[in-house]
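Here's a walk through how two copies of a chain meet, followed by a look at a sheet inside one of the copies. Have the model open while you read.

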Number of protein chains: 6
Amino acid sequence: MSDKKFPEFANPMARPKYVGIPTFFRAPWKEDMQDVDIGIIGVPFDGGVTNRPGSRHGPREVRNQSTLVRMINQATGVAPFETCRVADIGDAWVPAPFELTASHNAIQDTFEQVVKNNIVPIAVGGDHSVSLPIFRALAKNGPIGMVHIDAHCDTGDDYMGSKFHHGAPFSRAVEEGLLDPKRTIQIGIRGTVNDRNLWKFSHDSGMRVMYMEEFYKLGVDKALAEARRVVGDGPVYISFDIDSLDPAFAPGTGTPEVGGLTSLEAQLLIRGCGQMDIVGADMVEVAPSFDPSGSTAMVGANILFELLCVTSEAFARRQ
Amino acid sequence: MSDKKFPEFANPMARPKYVGIPTFFRAPWKEDMQDVDIGIIGVPFDGGVTNRPGSRHGPREVRNQSTLVRMINQATGVAPFETCRVADIGDAWVPAPFELTASHNAIQDTFEQVVKNNIVPIAVGGDHSVSLPIFRALAKNGPIGMVHIDAHCDTGDDYMGSKFHHGAPFSRAVEEGLLDPKRTIQIGIRGTVNDRNLWKFSHDSGMRVMYMEEFYKLGVDKALAEARRVVGDGPVYISFDIDSLDPAFAPGTGTPEVGGLTSLEAQLLIRGCGQMDIVGADMVEVAPSFDPSGSTAMVGANILFELLCVTSEAFARRQ
Amino acid sequence: MSDKKFPEFANPMARPKYVGIPTFFRAPWKEDMQDVDIGIIGVPFDGGVTNRPGSRHGPREVRNQSTLVRMINQATGVAPFETCRVADIGDAWVPAPFELTASHNAIQDTFEQVVKNNIVPIAVGGDHSVSLPIFRALAKNGPIGMVHIDAHCDTGDDYMGSKFHHGAPFSRAVEEGLLDPKRTIQIGIRGTVNDRNLWKFSHDSGMRVMYMEEFYKLGVDKALAEARRVVGDGPVYISFDIDSLDPAFAPGTGTPEVGGLTSLEAQLLIRGCGQMDIVGADMVEVAPSFDPSGSTAMVGANILFELLCVTSEAFARRQ
Amino acid sequence: MSDKKFPEFANPMARPKYVGIPTFFRAPWKEDMQDVDIGIIGVPFDGGVTNRPGSRHGPREVRNQSTLVRMINQATGVAPFETCRVADIGDAWVPAPFELTASHNAIQDTFEQVVKNNIVPIAVGGDHSVSLPIFRALAKNGPIGMVHIDAHCDTGDDYMGSKFHHGAPFSRAVEEGLLDPKRTIQIGIRGTVNDRNLWKFSHDSGMRVMYMEEFYKLGVDKALAEARRVVGDGPVYISFDIDSLDPAFAPGTGTPEVGGLTSLEAQLLIRGCGQMDIVGADMVEVAPSFDPSGSTAMVGANILFELLCVTSEAFARRQ
Amino acid sequence: MSDKKFPEFANPMARPKYVGIPTFFRAPWKEDMQDVDIGIIGVPFDGGVTNRPGSRHGPREVRNQSTLVRMINQATGVAPFETCRVADIGDAWVPAPFELTASHNAIQDTFEQVVKNNIVPIAVGGDHSVSLPIFRALAKNGPIGMVHIDAHCDTGDDYMGSKFHHGAPFSRAVEEGLLDPKRTIQIGIRGTVNDRNLWKFSHDSGMRVMYMEEFYKLGVDKALAEARRVVGDGPVYISFDIDSLDPAFAPGTGTPEVGGLTSLEAQLLIRGCGQMDIVGADMVEVAPSFDPSGSTAMVGANILFELLCVTSEAFARRQ
Amino acid sequence: MSDKKFPEFANPMARPKYVGIPTFFRAPWKEDMQDVDIGIIGVPFDGGVTNRPGSRHGPREVRNQSTLVRMINQATGVAPFETCRVADIGDAWVPAPFELTASHNAIQDTFEQVVKNNIVPIAVGGDHSVSLPIFRALAKNGPIGMVHIDAHCDTGDDYMGSKFHHGAPFSRAVEEGLLDPKRTIQIGIRGTVNDRNLWKFSHDSGMRVMYMEEFYKLGVDKALAEARRVVGDGPVYISFDIDSLDPAFAPGTGTPEVGGLTSLEAQLLIRGCGQMDIVGADMVEVAPSFDPSGSTAMVGANILFELLCVTSEAFARRQ
């Protein structure tokens, strides 16, 4: 690792896991965003939720639990801290969180700084509405493909007086020309709905929607083959909603849906994206108050590490 | 939906999930049982448990969590509130709960009212002993078949001085001519026993017992094929004990047994019963005090919705 | 009790506490607001919190726990359901919760309906910002006095880009001529501050601020004597923030402050207001996700009952 | 200590607290009841509760937590294991728990064995209904006085079809000539009631009822003086219901009532009974499932130790 | 069962599960180790952990939860208490736990007593470092093979100044000639590492390492075939680390790793070892303070029962 | 505040509490110990506990909860960050934690660095054994007086093979000439003991032991007068063990004792030390795994702030 300012970050093996301040994976803390290749960044905002709030506390608890994660991916051999300058670049926080639209603008501002510094961002939510301002900063040069692992398509319409809530970021992203629906796959979709046409936007725009039942039949390998086919060789964003997991694995979230993925399936899915040209990622909707045990944030931290690994692979290939 | 008295039931999209009083699925509250096709009914009684009590609080907590469920089954397209008049018809409560036999009689009285009103009942326990008085009310015209998803056959003998405890309702139901053992399948059976012949009654009477190990090998589709073969075209009751699920998915129950079903497997099993002639159902043994997180009741509410969907399909076919 | 529509509300002794749907104190559910003297009303809104959200789920959980409360106040002999027509009049819910100002307007609309129906409101929050729209509806005829039991004066200034957050309702209420600061006492104030002049508004406007340390020295009786002196004979509102209690008694709240009141002290304080001319009340800031045990909501329900008792005494005197 | 059979009980200082099997205070396990002066005995029965069951698991969890307690009362200097032969004499368990009256008879049988062996019993509930069969065994020679610390007088009438539930043992005990109401004091009584005359029996029969509010004003010392005056020099039973404590101190119980005693007040109250002629005692209503932290059982174990100390003082005086 | 001293152990069916003191499976308590074939023994020591301590409380909580387990394995028909004299032989506790090496010596002393009494030990940890002193006592006559189910190979090197911590017992055991690496299989290995060569010892010494990903692809049956091939006909030890399970199934452990086994897979794996010549076993790393629900200990107790069953099969064959 | 490197620490009012990394009170992170007056320092070590470990995780969780604390003490007006350069100077961590004596030496080394940099240390445990190495570094110039708030005197003798465990630091400190027993007061002592002479060392050496019962009678003001009399004008250390609080207020600790202080009493006690010449302080024994709610750490953080305030007062007077 290049940054030696914080001794405990120089060599995580030198200190027990319970020592020091919890940055993401005990990586260097660099709010100035200088000399960073991949920046892990919190987005402590939950103003877009429609039922159970609390994911504003997600980044801190994921940071906490991430201190249990080590430096190398045993399954794939990837060692992101060896190949890239990875840093915790702080939080994209919102000074005036009481108005949804203004909050999204503030988040976008931070991510534009990230992009200007040539940093590949991996965001930790916060609710899923934050993916929209991230896309706005990230997709300035044309629409990006997406692997989207979630219980919900999040391509809904207006709800509770807003079109920017956490159930709709990706319809907005397509409308704004930021997301390429033809190169988008959504995996793990399930649950009850109040509108037969709730995810009409996904289907109409050409997204590949893989419902949980189909995933269960196909298995991980075939699902991954389909994902690779859909996203192709262009730039890809991975958006991972922790509610894609079954509530037994991740109860601490705002909109749990029973009948979901296991942690292992989620890990295998992300690892299988290692050859994609990943340009950004997020892991969202960890709401710690609904899981005092910390298990959800621990799973989230491990998923985050998988995202970091495949992102670092893509970054290394691009050099 | 036909009943407009309670505005929030007219259109669930109009109100956030955390608003109002929690009837089952925010359906109309109709203790008078008038103009109802399918009646969801609580049975807050746990006087039949042999170890950990608490399922008397099951109906209220399942009502609570059921407000997270929406109106349409995304996986099957079934919309029970569109095709049937579904109501929360209150609780089959017991005025004098200290004596087991008298309590069962009181529960039976309520279900006889349900039957007299031509309502198809879906009961929410309470402990599993309540299935017996339900059968007594429901099977007046001859024995019914059953799909029984559970960790235990519940066809035991006398225990702790009673033959009516929660481990024995179905031996009693067969003896009383209410349940047809030849048209009964029991799925998910497992756990340790104190008596090699504990479930002798199931085997001797001709029930099809599918132990967990067999289910694990067969998978959902083949298990369903076997279930359909066993129950055939006659009337069927579905009895779902939440302890059929692995404790990781449903810790809040009185007799947890490790090594059980996942929530997804349970959902798929019930959905696969959609073509059966379902005349009643129950979802029992949610004991909220053993799961303060509410997860067990949330899973229970989702299972209840699956039961409602297949019951509504059968109801619609019978019209 | 006058309303017989819901049988279980006719005589709460007739049914066990775990039976039926949980309205406040199992009182009649009357969203139409007809024939009601005192209306208990939920305000499931937490868009004004500055740190830990979740009090939008307060009303439902307080309703749940309120089913443990019985009909008569043993300590004072007051029986509110005998002397007044008490009802659960539903929720003042917000259709578009993403914008703070618009949300307050929606809440005000509901309370104007309450006032128009000559109902004395007792509100259950929700965050403390909701007291402002309640005052706007209630104090049309001139400023009201207040007994305010809280860890915070809630007379702050702009914060996080808004002047209407949950730390400022009462400065706004004074500015708008709704609250008479000279007839206001604030009890239990404590905790750290970021600004020496945080509660300057309280002091400058003439409110009587009784910090926790003073309360500890005076004791309940002398504190009550002071409260009676301050509010005098005019109309009074009681605002009870659950964070006035020590976190040992009420951990489930958004801004806990150690070193607070005991539950018994809080009960005695409210009982001591029985001779005041109470015209409205609220109990706010129960955030259930921070207390899975339900204890905070249970305390909240008991405090709510004390508020109901003294409000019913005042109501009876005014007839 | 006289019994050396179990090495770890010979000298508790020799082994860490987390070693071995948890008998009460790691005292010898003597189901045969031989050579025992004071017998601590579990009564795992909760068939008499009217709302939240679970105290059948109280004895085991209190045993568990009691391993944290040491041998000598630092505040009073009493060392019960030095002056008496104290043993864990097992459980008064019920073979057929589904019928309340028969269960009470079975419990009485066990306590008659205890009395026949000249053992002074200290019982651990179980629900409060079990005090009645204990009195039946203990008071063969005439009525006994009582110090009763509880949130409820438990002198109620028929409820839910039974006169023997956990809200009525002491009216039955008086009626059967087992308890002397004139020598009975009840401390800590509070909470809401559904009947103004709920505790009429206490008042009419001449019991001294000290409501929580009076206790709060008097303080521990004056309350104790009154207790001593009431019970006098005759034989006394101490019945301690864990719900006498405020739920902040003891949430794990079936009928919590806010505004109760602190643990310290409870300890001081029992210590102050050291000069009474105590002939038996119980500590009841610990329901562990409502407090997964174990705190309630830990407080219960410490209260149990205080009961053991004062009982051993009385025993030693009688030799 | 041969021992009749404790009545409740004579016939577990005679008493409800919540009665009496919790020895392992309510088996006889025999600290004297006489007349015992298989001895279940606690090892309450966690001085070897590198992050989260607490497994010293594992044995007691596993004892507690083991009272829910019954006498016969329904899946295999094995009834260990019928074919062997099974006892709870107490704890291998450490008088001076502050020094790691000395502690291991103390544990070894106890297990040498076990071996001298011709008892087959099944140990309940405690942290995984305790397997080393067990091997030292057990493998006096030459190295033993092993089925090792765990998230970690535990064949690490020096860490935190010690070579005897809970991540290294099996490299030490091989070095000391106690464990035959060629007859050792390690199943379920996964998680991140700080050193690419962390488990180099396993690979270099010839152990068969089955990573989680390989297990996922092979399935239980093929994994078992491989295990049988590796261990062959010689003596075998089974070491089960509860962290082999996914944290959704067993959160209460010191080093959780997401993406693990289900409880059912673990049960099937152990049952599949029924034909091996098992000479000892352990189940370690249950740390109850990280799972207040007791679920982890409950799973641990069931795994322990599976270990008991296959060990009793091997024992019977050797007679 | 002097350090501007971390923007969020420059002015805590500028950012919401849930933003950024949790140093103590969001103070600057200065592991280099330069330009610091008062250094808050974690001591994540629990190798000296005799029963329930886990306080090694105390510093991190206290840091987390300390972000809820603000900059100014409302009750006393003290603003430590205005008058002193306060920093989080990291952790005194132990590279080889498996041996108690060596660990204490490592901790002492760090504190000698602290002293060499003229920093007044406020330590956050860790178990109470860590006070000994702190004293060794701090009292080089002669014995210091102490205000010790705790449930235990911690002046015990050898236990479990060691004289340096967490029940004995202060006998060792007196023996080594670091602590002046004549200028030491111990407040809140209580609980059961296994040895009548357990705290003989305190009494014999001349410490003023104020048992809980005496404190309860005296009240805060008289207790403080006595504390001031005992410690006089010389240098004073304040050692606060979180188990001095009643478990209702602080359940998350290793050796809870019922019947303790309230949080308010503890706050008042420390505030009353504002005129003493404080040269160091600690707050120890927060064991987060025993309180998943975080309440204990939250109380600990507030106590820590009180310690910081009185220490800053003393520091300012000495300039």
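The contact between chains E and A takes 20 residues from chain E and 23 residues from chain A, where two residues are in contact if their C-beta atoms, placed from the backbone, lie within 7 Å. On the chain E side, strand S7 (192–193) and helix H8 (212–231) each supply at least two residues, and H8(E) gives the most, with three residues. Helices (H or I, at least four residues) and strands (E, at least two) are DSSP runs, numbered from the N terminus.

Here's how the side of chain E that touches chain A breaks down by class:

| Class | Residues on the chain E side |
|---|---|
| Nonpolar | 10 residues |
| Polar | six residues |
| Charged | four residues |

For these classes, Ala, Val, Leu, Ile, Met, Phe, Trp, Tyr, Cys and Pro count as nonpolar, Asp, Glu, Lys and Arg as charged, and the others, Gly among them, as polar.

Keep in mind that this is a predicted model: local features need pLDDT of at least 70, side-chain atom pairs count only at pLDDT 80 or more, and totals for chains, interfaces and linings use all residues. Residues are numbered from 1 along each chain as its sequence is written, while chains are lettered from A and ligands numbered from 1 in the order in which they are written.

Strands also pair across the contact: S7(E) and strand S2 (residues 72–73) of chain A run antiparallel, with two bridges. Two strands pair if DSSP finds at least two bridges between them. E:Val193 in S7(E) is the bridge partner of A:Ile72.

So how are the two copies related? Chain E lands on chain A after a rotation of 120° with 0.0 Å of shift along its axis (RMSD 0.0 Å), which is the relation of a three-fold axis. The copies use different surfaces, as 5% of the contact residues of chain E recur in chain A. The superposition is by least squares on the C-alpha atoms of residues with pLDDT of at least 70 in both copies. In chain E, E:Ala248 comes closest to the rotation axis, at 3.4 Å (C-alpha).

Now for chain D. Its open sheet of eight strands has parallel pairing and the order S3-S1-S4-S10-S9-S5-S6-S8. Strand S3 (86–91) and strand S8 (208–211) of chain D are the edges, each pairing on one side only. At the S8(D) edge, four bridges join it to strand S6 (residues 179–189) of chain D, in parallel, and D:Ile187 stands opposite D:Met210 in S8(D).
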